[in-house]
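Reader: I am in my first year and would like to learn how to read a protein model step by step. Could you take my questions in turn and show the reasoning behind each reply?

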Amino acid sequence: MGVPERLAERMSMAEQHEYLRARFSRRTMIRGGAVTLGAVTGGAFVPGATAQAAVPSGRSSTETVDGAHVAPFGRHLAYGTDPRTEMTVSWQLPVAVKKPFIRIGAHPWDLSRKIDAEVRTLFTPAGVGASGNHTQYYVHAKLTHLRPGRTYYYGVGHQGFDPAEPHLLGTLGTFTTAPAHKAPFTFTAFGDEGVSYHALANNSLLLGQNPAFHLHAGDIAYGDPTGQGRTDDTGFDSRVWDQFLAQTESVAKSVPWMPAYGNHDMEAWYSPNGYGGEEARWTLPDNGPDKKNLPGVYSFAYGNTAVISLDANDISFEIPANLGISGGTQTKWLEAQLKKYRASRDIDFIVVFFHHCAYCTSTSHASEGGVRQEWVPLFEKYTVDLVINGHNHQYERTDVIKGDKVTRKLPIGGTAYPETDGVVYVTAGAAGRSLYAFSAPLSYEGNEHDVDSVSSFVNVKGGKQNETVTWSRVRYLDYSFLRVDVTPAPKGHLATLTVRGIAETGDQVDHFTVARRAK
């Protein structure tokens, strides 16, 4: 049903999508993979506010079952543009139900009236990948006008399933909004999770860190295991998302799960940019430069730290399905965000996360030249404090880099000063998928093996370019994630980010500090 391979190799994802639209009738296309949304009603914490469908509706399901026999699953939270006052609660239903809603309150025995939620229905037909006809029902309730630093209880339900009923109080969840002022906090991060026992183990450890939020640096569920952003990608299975959201619910129901999109998140059947499926599943801050083409690009501030999510598919030479999709607007937006946050009296640290690696020595993907060309100069110009990537399934951390050169060696336990030295890059892509390899010896906390240089390559326009690098400081090859502890300071004193690499076993494999004078 896809674009012939000989054509797909020369076509962008949008061109493939248009090819299919022209080839099949409208009726066939609706059954053959278009995103289909049935909007119930817009839900928000403030009466009168409405939620918007991600894409135009096509096929909506009117068939429902007795709601008393259906339980929601896959709850996941995401901040709005202002984490102090906005939160979106999302969940999934296995079948269509009537009148989904959310209740929210300051206590489990004092939940609000029902607040209507929005349903986004995603239909994947037989012949698109591995499954038969499969319909997924994603539900979203955007809550606004919340109070900063407040813990809320919430329950999600529908006609026949009311979480306020005494026998369903065990289904309630909680979340806490960002504080109004600077205060210490922790966040976690990784990329390339998928569905596996190792992913479950990492999630269990994540929850124990008590993070304020979690960053997922792309390649989320691997519904598309090929990851080329093409309609003829083999093995696509939308049902993997059902497993993924069930797997991550233990964390994501109480910790905002903030994703960036990677190459395996471009599911070409659903929309010209490949993100139609993602827009059905996630509601993210809408302050990015191009909501139509780049829904995974956004920023938010938590306490003294600004976080920026980017879409490196837009600038990837290695996997060019969406290369140039923003027409340069993403990079212009990035510079504007960096300039704004660096000038803000409230922001000390800037953390940027995205999928493709700026600096990595994996034998699989290594480094992305598009990132070095487009974004690294901006990271250096505005002294970004930490860059987090995935894509390569391993843990690797650089020395401090500026102008592609090491400006300060950063041993385990060392301190980086981005105001004067440069930027530290961490690849944290060992969340759950099968691991890659290094060409150099492993070197991590308790097993240090420093080398003078490492042979690697960078993906540039036209192919791979070999390089010998001196910036690879820590290399660990097992499942792991990042924990970052943020400690504010009085004006003029050193505020710190303490960054730790934590293995699936709970062992610490790396730690270092980023220090900056507080404003």
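Author: Let us begin with two aromatic residues in this predicted model: W241 is buried, and F244 is buried as well.

Reader: Where do W241 and F244 lie, and how far apart along the helix are they?

Author: Both residues belong to helix α5, which covers residues 240–252. Because they are three residues apart in that helix, the separation between W241 and F244 is about one helical turn.

Reader: What kind of aromatic pair do W241 and F244 form?

Author: A pair of aromatic rings is described by the distance of the centres and the angle of the planes. The structure holds 21 aromatic pairs, and for W241 and F244 the centres are 5.8 Å apart, with 75° between the planes. Planes over 60 degrees apart count as edge-to-face, so the pair of W241 and F244 is edge-to-face.

Reader: Which element gives the most residues to the largest nonpolar core?

Author: In soluble globular proteins, nonpolar side chains tend to be buried together. Here the largest nonpolar core has 94 residues, and F175, F213 and L215 are those with the most contacts inside it. The element that gives the most to this core, with six residues, is helix α5.

Reader: How many residues are in the other core that lies apart from it?

Author: Apart from the largest core lies another one, which includes L294, Y359, V376 and F379. The number of residues in this other core is 32.

Reader: Which residue of strand β13 is in contact with L215?

Author: The contacts of L215, leaving aside its neighbours within four places in sequence, include F187, M258, F300, V307 and I388. Strand β13 has both faces covered, with T305, V307 and S309 buried on one side and A306 and I308 buried on the other. The residue that appears in both descriptions is V307.

Reader: Which residues stand opposite V307 in the strands that pair with β13?

Author: Strand β12, residues 298–302, pairs with β13 in the antiparallel sense over five bridges, and F300 stands opposite V307 there. On the parallel side, five bridges join β13 to β14, where V307 stands opposite V351. The two residues are therefore F300 and V351.

Reader: Which residue in the hairpin of β12 and β13 takes a positive phi?

Author: This hairpin has two residues between its strands. The residue whose phi is positive, near 60°, is G303.

Reader: With which strands does β16 pair, and in which sense?

Author: Strand β16, residues 386–389, has L386 and I388 buried on one side and V387 and N389 buried on the other. With β14 it forms three bridges, and V352 stands opposite V387. With β21, residues 425–428, it also forms three bridges, and the bridge partner of N389 is T427. The strands are thus β14, in the parallel sense, and β21, in the parallel sense.

Reader: Is H393 buried or exposed?

Author: H393 is found in the loop between β16 and β17. Its relative accessibility is 4%, and the cut-off for a buried residue is under 20%, so H393 counts as buried.

Reader: Which side chains make polar contacts with the side chain of H393?

Author: One contact, at 3.1 Å, goes to the side chain of D192, and another, at 3.1 Å, goes to the side chain of Y222. The charged end of R433 sits over the ring of Y222, 4.0 Å from its centre, and R433 is also among the residues in contact with H393. The polar partners asked for are D192 and Y222.

Key
Residues are numbered from 1 along each chain as its sequence is written. This is a predicted model: local features need pLDDT of at least 70, side-chain atom pairs count only at pLDDT 80 or more; totals for chains, interfaces and linings use all residues. Side-chain values use heavy atoms; hydrogens and water are left out. Buried means under 20% relative accessible area, exposed over 50%, partly exposed in between (1.4 Å probe, protein chains only). Helices (H or I, at least four residues) and strands (E, at least two) are DSSP runs, numbered from the N terminus. Two strands pair if DSSP finds at least two bridges between them. Rings of Phe, Tyr and Trp (its six-membered ring) pair if their centres lie within 6.5 Å; planes under 30 degrees apart count as stacked, over 60 as edge-to-face and the rest as tilted. A charge sits over a ring if NZ of Lys or CZ of Arg is within 6 Å of the ring centre and within 35 degrees of the ring normal. A polar contact is a pair of N or O atoms within 3.5 Å; within protein, one must be able to donate a hydrogen and the other to accept it, and residues adjacent in sequence count only if both atoms are side-chain atoms. Contact means heavy atoms within 4.5 Å. A nonpolar core is a set of buried Ala, Val, Leu, Ile, Met, Phe, Trp, Tyr and Cys residues joined through side-chain atoms within 4.5 Å.
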